[in-house]
Amino acid sequence: MLNNILQTSMNWIVKYGFKIIIAVIILYIGWKIINHFSKKLPAIFKYDKEDEILRRFLESFLAIAFKVILIVVLLEFIGVETTWFAAFIASIGLAIGLAFKNSLSNFASGIVILIVRPFSIGDIVKVAGYIGKVKEINIFYTHLTAEDDKEVLIPNNTLSNSSLIKTITEREEVKKQILK
């Protein structure tokens, strides 16, 4: 019995021992490289002091993502089945998609607004109870300058799913005069 356990242990060590040692060495070196580059990569982008939160988020996100990839690759190298990882990533993607449903809706609506162009910068619009001059059209929000000089951010999803009243702009007035 003891002899059988020793023989099985020796076979396992011979079969997997060398791979585990190599994997631990690669893990250590990879961990150091990931820590080094995850701190350097956000520096490539030009950040203001106000973007410190974004820089820290990007730094930690990249470090975690690359470390997870390193561990999965090393598990595959050792011989551990990693198909479970694809299912896990898919379920995370579903959860993130549901969590960001409104943001994704604003993103898609922003693309529609940029393609269809129901209004332009400088137009005066009435939407969602606000009247204002369109200052900027971004991918998630449209910026209006209200009558009292306050900036109003309207989610693009609201703009694409509600009634919009657009007044005639100077540009359209000039077109009318030319066409007469």
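These are my notebook entries on what I looked up in this predicted model.

**Entry 1: overall layout**

I began with the elements of the protein and found six helices and five strands. Read from the N terminus on, they run α-α-α-α-β-β-β-β-α-β-α. I then looked up burial, and of the 180 residues of the protein, 21% count as buried.

**Entry 2: helix H4**

I turned next to H4, which covers residues 101-116. This helix has 16 residues and reaches 22 Å from its first C-alpha to its last, close to the 22 Å expected at 1.5 Å a residue.

Which residues of H4 are buried? I noted Asn-106, Ser-109, Gly-110 and Ile-113. These residues cover an arc of only 110 degrees around the axis, which puts them on the same side of H4. I set beside this a general point: an α-helix has 3.6 residues a turn, so residues three or four places apart point the same way. On the face of H4 turned away from its buried side I found the exposed residues Lys-101 and Ile-115.

I also looked up Leu-104, which lies in helix H4 and is partly exposed, with a relative accessible area of 47%. Its C-alpha is 9.3 Å in space from that of Asn-157, although Leu-104 and Asn-157 are 53 residues apart in sequence.

**Entry 3: the nonpolar patch**

Leu-104 came up again when I looked at the surface, where it joins Val-80, Trp-84, Phe-88, Ile-89, Ile-92, Ile-96 and Phe-100 in making a nonpolar patch of about 730 Å². Which helix gives the largest share of this patch? I found that helix H3, residues 83-99, contributes five residues, the largest share. Val-80, by contrast, has its place in the loop between helix H2 (52-78) and H3, and I noted that Val-80 is partly exposed, with a relative accessible area of 36%.

**Entry 4: aromatic pairs**

A pair of aromatic rings is described by the distance of the centres and the angle of the planes, and I looked up both values for each pair. How many aromatic pairs does the structure hold? I found two aromatic pairs.

In one of them, the rings of Trp-84 and Phe-85 have their centres 5.7 Å apart and their planes at 85 degrees, so the pair is edge-to-face, given that planes over 60 degrees apart count as such. Trp-84, one of the patch residues, is partly exposed at a relative accessible area of 46%, whereas Phe-85 is buried, with a relative accessible area of 16%.

The rings of Phe-107 and Phe-140 have their centres 6.0 Å apart and their planes at 45 degrees, so this pair is tilted. I noted that the pair links distant parts of the chain, with Phe-107 in helix H4 and Phe-140 in the loop between strand S2 (130-137) and strand S3 (141-146), 33 residues apart. Phe-107 counts as partly exposed at 37% relative accessibility, and Phe-140 likewise counts as partly exposed at 37%.

**Entry 5: the salt bridge**

I then looked up charged contacts, and a search of the whole structure finds one salt bridge. Which side chains meet in it? I found those of Lys-135 and Glu-151, at 3.7 Å from N to O. Lys-135 lies in strand S2 and Glu-151 in strand S4 (residues 151-155), so the pair ties together parts that are 16 residues apart in sequence. Lys-135 is partly exposed, with a relative accessible area of 43%, and Glu-151 counts as partly exposed at 44%.

**Entry 6: positive phi values**

My last look was at the backbone, with a general point in mind: most residues other than glycine have a negative phi. Arg-117 has a phi near 55 degrees, a positive value in a residue other than glycine. I placed Arg-117 in the loop between H4 and strand S1 (124-127), where it counts as exposed at 51% relative accessibility.

I found a positive phi in Ala-128 too, again near 55 degrees and again in a residue other than glycine. Ala-128 is found in the loop between S1 and S2, and at 45% relative accessibility it counts as partly exposed.

Conventions. Residues numbered from 1 in each chain as written. Predicted model: local features only at pLDDT ≥ 70, side-chain atom pairs only at ≥ 80, totals over all residues. Heavy atoms only, no water. Phe/Tyr/Trp six-rings, centres within 6.5 Å; stacked < 30°, edge-to-face > 60°. Buried < 20%, exposed > 50% of the residue type's maximum accessible area, 1.4 Å probe, protein only. Helix = DSSP H or I, 4+ residues; strand = E, 2+ residues; numbered from the N terminus. Patch = residues over 30% accessible without salt bridge, like charges linked within 9 Å, V, L, I, M, F, W, Y side chains within 5 Å. Areas by Shrake-Rupley, 256 points an atom, 1.4 Å probe, with all protein chains shown as cover. Salt bridge = Lys/Arg side-chain N within 4 Å of Asp/Glu carboxyl O. Expected span 1.5 Å × (residues − 1). Arc of directions from axis to C-beta.
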